[in-house]
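Me: I have a model open and would like to learn how to read its features one at a time. Please give the general idea first, then the case here.

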Amino acid sequence: MSMGDAREGGGYEMVYGDPFTKQLLALATRVARTEVTVLIGGPSGTGKEVLARVIHQNSLRQKGAFVAFNCACLPESMVEDLLFGHEKGAFTGAVSRFEGFFAQADGGTLFLDEVGELPMSVQAKLLRVLQEREFTPLGSTTPQKTKFRLLAATNRDLKGDVQAGRFREDLYYRLNIFPLQMKPLKQRPGDILPLARALIQRHRYISGDLHLDSSAIEALHAYDWPGNVRELENVIQRAMVIADGPVLTAMHLGLDASLPQAARLSPVDSRVMEPAVSEEISMDLPVAAPRADLSLADRRAMQEAEVIMATLKTTPTKTLAAAQLGISERTLRYKLARLREHGLMAAGL
């Protein structure tokens with residue numbers, strides 16, 4: 001598989017560039033050709049469902065349905081109804097027959113995301129379905145056969161949950177036949193840039209074709225990504241909204257790692273979208289002197305501050321300054337707010 005876009009069987013696209021992910025995909029492709037149950041572990045937002053879809057697309061069941069169900073945050077009765085289905089009149093509100101996910105996945109793949117959140121009673125019933133390969137919809141007395149391939153994912157320590165009595169041991173061993181573990185995004189840095197570029201293409205409807213400059217690439221690699229790929233997508237979308245022109249910079253990304261350590265701003269701070277800047281600017285106030293311990297990204301930000309202040313000193317209004325800088329007035333206001341908040345300008349600006 002080449003770095004960047006890797007098209008798996010069935011045309012499903014997986015983007016990667018890190019050696020760890022390449023090895024993981026090789027294992028996933030290999031186990032996909034079997035009927036073995038796979039348990040995918042890893043933190044939220046790392047792409048566990050993406051990996052499950054790759055397994056399905058490379059399996060003998062690729063022409064069948066891929067049915068995904070998130071087991072978290074649902075009442076027990078609803079979880080059971082969605083999995084098993086029901087007959088008309090099975091309970092108040094059951095005005096028609098509903099085929100549950102066990103039936104919908106027949107001949108295909110059933111993916112249970114956050115399987116560790118299943119209630120204990122449903123865990124017992126799921127185990128029986130896996131053993132007997134049949135289930136009985138709610139309100140029915142007739143068992144129904146099903147043949148689906150089960151894939152599951154969790155961000156929990158299921159072995160620890162078994163020891164604590166929160167997860168059935170017999171179900172755990174039924175699920176954990178072939179474990180695959182997704183690492184956090186920060187532990188597979190080779191994926192960051194290919195993913196960022198792919199996300200820019202995915203969301204090109206926001207602002208057209210854009211490319212990342214060197215400061216943005218450095219900021220992407222310097223950040224820890226606690227929210228993993230899901231956070232990366234949010235950051236890219238927001239930056240595309242803010243950006244003027246065809247280039248995304250570190251300032252557009254708004255990541256902590258691109259600014260001085262003295263004052264960090266959350267990458268989801270609402271002030272990014274609606275900055276508030278004083279209308280009065282003293283042109284005599286200099287840009288704060290750079291410290292010797294600043295990173296390369298910090299020094300780039302300092303240089304940008306110097307250019308902005310020099311332009312403001314030679315133009316009568318912020319509108320003309322923005323035009324001379326090649327950005328919108330709103331973007332200029334945003335940049336001034338960020339520079340002031342993070343100490344890149346002298347106090348009082």
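Me: Which residue forms a salt bridge with arginine 97, and how far apart are the closest N and O atoms?

Reply: A salt bridge is a side-chain nitrogen of Lys or Arg within 4 Å of a carboxyl oxygen of Asp or Glu. Arginine 97 forms one with glutamate 87, the closest N and O atoms being 3.4 Å apart. Arginine 97 and glutamate 87 both lie in the loop between strand E5 (85-86) and strand E6 (98-99), so the pair ties together parts that are 10 residues apart in sequence. Arginine 97 also forms a salt bridge with glutamate 99, with 3.8 Å between the closest N and O atoms. This is a predicted model, in which local features need pLDDT of at least 70 and side-chain atom pairs count only at pLDDT 80 or more, while totals for chains, interfaces and linings use all residues. Residues are numbered from 1 along each chain as its sequence is written, and side-chain values use heavy atoms, with hydrogens and water left out.

Me: Are arginine 97 and glutamate 87 buried or exposed?

Reply: Buried means under 20% relative accessible area, exposed over 50%, and partly exposed in between (1.4 Å probe, protein chains only). Arginine 97 is partly exposed at 45%, as is glutamate 87 at 21%. Glutamate 99 is partly exposed too, at 38%.

Me: How many salt bridges does a search of the whole structure find?

Reply: The search finds 13. One of the pairs is lysine 145 with glutamate 134, where the closest N and O atoms are 3.3 Å apart. Lysine 145 is in strand E9 (residues 144-145) and glutamate 134 in strand E8 (residues 134-135), so this pair ties together parts that are 11 residues apart in sequence. Lysine 145 counts as exposed at 58%, and glutamate 134 as partly exposed at 25%. Glu117, Arg156, Asp161 and Arg166 are linked in a network of salt bridges.

Me: What is the strand order of the open sheet?

Reply: Strands of a sheet pair through backbone hydrogen bonds, either parallel or antiparallel. Helices (H or I, at least four residues) and strands (E, at least two) are DSSP runs, numbered from the N terminus, and two strands pair if DSSP finds at least two bridges between them. Here five strands run in the order E4-E7-E10-E3-E11, with parallel pairing. Strands E4 (66-70) and E11 (178-181) are the edges, each pairing on one side only. E4 pairs with strand E7 (residues 109-113) over five bridges, and phenylalanine 66 stands opposite threonine 109.

Me: What salt bridge status does aspartate 113 have?

Reply: Aspartate 113, found in strand E7, is buried yet has no salt bridge. For charge, Lys and Arg count as positive and Asp and Glu as negative, with His and the chain ends not counted. The nearest side chain of opposite charge is lysine 48, 5.2 Å away. Contact means heavy atoms within 4.5 Å. Leaving aside neighbours within four places in sequence, aspartate 113 is in contact with Lys48, Phe69, Asn70, Cys71 and Ala153.

Me: Which residues other than glycine have a positive phi?

Reply: Two cases are tryptophan 225, with phi near 55 degrees, and asparagine 228, at about 60 degrees. Tryptophan 225 is in the loop between H9 and helix H10 (228-242), and is buried at 1%. Asparagine 228 belongs to helix H10 and counts as buried at 3%.
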